[in-house]
Amino acid sequence: MVTAGISATRGKDETMTDDTTADRPEPKDLSACSALIVGGTAGIGLASARALATAGVPRIAVVGRNAERGRLAAKSIAEIGAAAHFIAGDAVDPDAATAIAAEAEQTLSGVDILMCTTAADVRPELFINIPTTDICRMLTQLALPSMHMAGAVLPGMRSRRFGVIANVASDAAKTATPGEAVIGAAKAAIVMFTRTIAIEEKRYGIRANALTPSLVHGTASTERITTEGFSAKLFARAAKQAELGVPTADDIAALTVFLCSPAAARLTGQAISVNGGISAA
């Protein structure tokens, strides 16, 4: 009797599995995708936009606050062969995020890939030295853009039954580091948010992953935090631990292309570090 019950259960499970497989949305080739890169006018964002263009993504929009830098970024992407657009906006503001997504939906004929890699005016500092009046601003600038943008593009992705979201956080989300109490809390929020929407949206063919770099050589953000004060000492020590070399924006961009491609069609809800060996979290 027990054996019969198990067999009956297996039969039902097998039927459900077959039905789910038949209904699973097919991943898109990059040549059939559009990409919206929030924070795409410099650093990791621009490197990723250019790498996606090189990989065949035909329509790309980059978002930033500086119009001149945005124009130059779009021009450099267009030179690779993609139709490139600049959208001015600040995703810290939920209304602006909604407007960015609406403009991108129209300009790109839908958003297939969303990457959020915004920068904030925040540098590592021991928590005891951070004014309590600054904490809310820091958390807001660091954590909310990814959430605002995902909320704005997910309805369209659901309707098309396809989407890829790549949120850039930090190794501070995984490893407790002196000077990064607030930064780590905000980046951990991005990682857990990304993992959760990956589970919520997988049935609609939408994948979401987080990239968690540490130091990234040659970016304005790294230059800002390594020039002086507590953060300069902190990251000088961290750089010595990167025995494989401190990664560049192009290293992060290569991972971005993989995560957005059909080669990563079964990969979702992960937080992946490219850090040269600084940590193994």
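## Close-up views of a predicted model

**Figure 1. Contacts across the whole protein.** Of the contacts in the protein between residues at least 6 apart in sequence, 76% join residues that are at least 24 apart. Please keep in mind, as you look around, that this is a predicted model. The protein has nine helices and seven strands to explore. Its chain runs to 281 residues, and buried residues make up 44% of them.

**Figure 2. Ala 35 and its neighbours.** Let us begin with a single residue, Ala 35, which sits in strand β1 (residues 34-38). Ala 35 counts as buried because its relative accessibility is 0%, and the cut-off for buried is under 20%. Leaving aside residues up to four places away in sequence, Ala 35 touches Leu 52, Val 57, Arg 59, Ile 60, Ala 61, Leu 108 and Ile 113. You can also look for Ala 104: it is 69 residues from Ala 35 in sequence, yet the two C-alpha atoms are 8.9 Å apart in space.

**Figure 3. Helices α4 and α5 where they cross.** Here helix α4 (residues 94-108) meets helix α5 (residues 132-160), with axes that come within 7 Å and cross at roughly 35 degrees. The crossing of these two helices is right-handed. On the α4 side, the residues in contact are Pro 94, Ala 97, Thr 98, Ile 100, Ala 101 and Glu 105. They meet His 148, Met 149, Ala 152, Val 153, Gly 156 and Arg 160 of α5. Sorted by class, this contact of α4 with α5 has seven nonpolar, three polar and two charged residues.

**Figure 4. Ser 109, in a loop after α4.** Follow the chain into the loop between α4 and β4 (113-116) to find Ser 109. Most residues other than glycine have a negative phi. Ser 109 is not a glycine, yet it has a positive phi of about 60 degrees. This residue is exposed, with a relative accessible area of 62%.

**Figure 5. Arg 161, in a loop after α5.** A second positive phi can be seen at Arg 161, with a value of about 55 degrees, although this residue is not a glycine either. Arg 161 belongs to the loop between α5 and β5. With a relative accessibility of 29%, Arg 161 counts as partly exposed.

**Figure 6. The largest cavity and its lining.** The structure holds one cavity of 30 Å³ or more. About 40 Å³ of space lies in the largest cavity. Its lining is made by Cys 116, Thr 117, Thr 118, Leu 142, Ser 146, Val 168, Lys 187 and Ile 190. Helices α5 and α6 (181-201) each supply at least two residues of this lining. By class, the lining residues of the largest cavity are four nonpolar, three polar and one charged.

**Figure 7. The second largest pocket.** Our last view shows the second largest pocket, with about 480 Å³ of space. There are 20 residues lining this pocket, and the closest to its centre are Arg 24, Pro 25, Lys 202, Gly 205 and Ala 265. At least two lining residues come from each of α1 (2-23), β5 (163-168) and β6 (206-211). The lining of the second largest pocket divides into eight nonpolar, four polar and eight charged residues.

Definitions and conventions:
Residues are numbered from 1 along each chain as its sequence is written. This is a predicted model: local features need pLDDT of at least 70, side-chain atom pairs count only at pLDDT 80 or more; totals for chains, interfaces and linings use all residues. Side-chain values use heavy atoms; hydrogens and water are left out. Axes are lines fitted to C-alpha atoms, for helices over the stretch in contact, and angles run from 0 to 180 degrees between N-to-C directions. Helices (H or I, at least four residues) and strands (E, at least two) are DSSP runs, numbered from the N terminus. A crossing is left-handed if the near helix is turned anticlockwise from the far one by less than a right angle, and right-handed if clockwise. Contact means heavy atoms within 4.5 Å. Ala, Val, Leu, Ile, Met, Phe, Trp, Tyr, Cys and Pro count as nonpolar, Asp, Glu, Lys and Arg as charged, and the others, Gly among them, as polar. On a 1 Å grid over the protein atoms alone, a cavity is a set of points where a 1.4 Å probe fits but cannot get out, and a pocket is an open set with protein on both sides within 12 Å along at least five of seven lines; lining residues have an atom within 4 Å of a point. Grid points are joined across faces, edges and corners, and a volume is the space filled by probe spheres set on the points. Buried means under 20% relative accessible area, exposed over 50%, partly exposed in between (1.4 Å probe, protein chains only).
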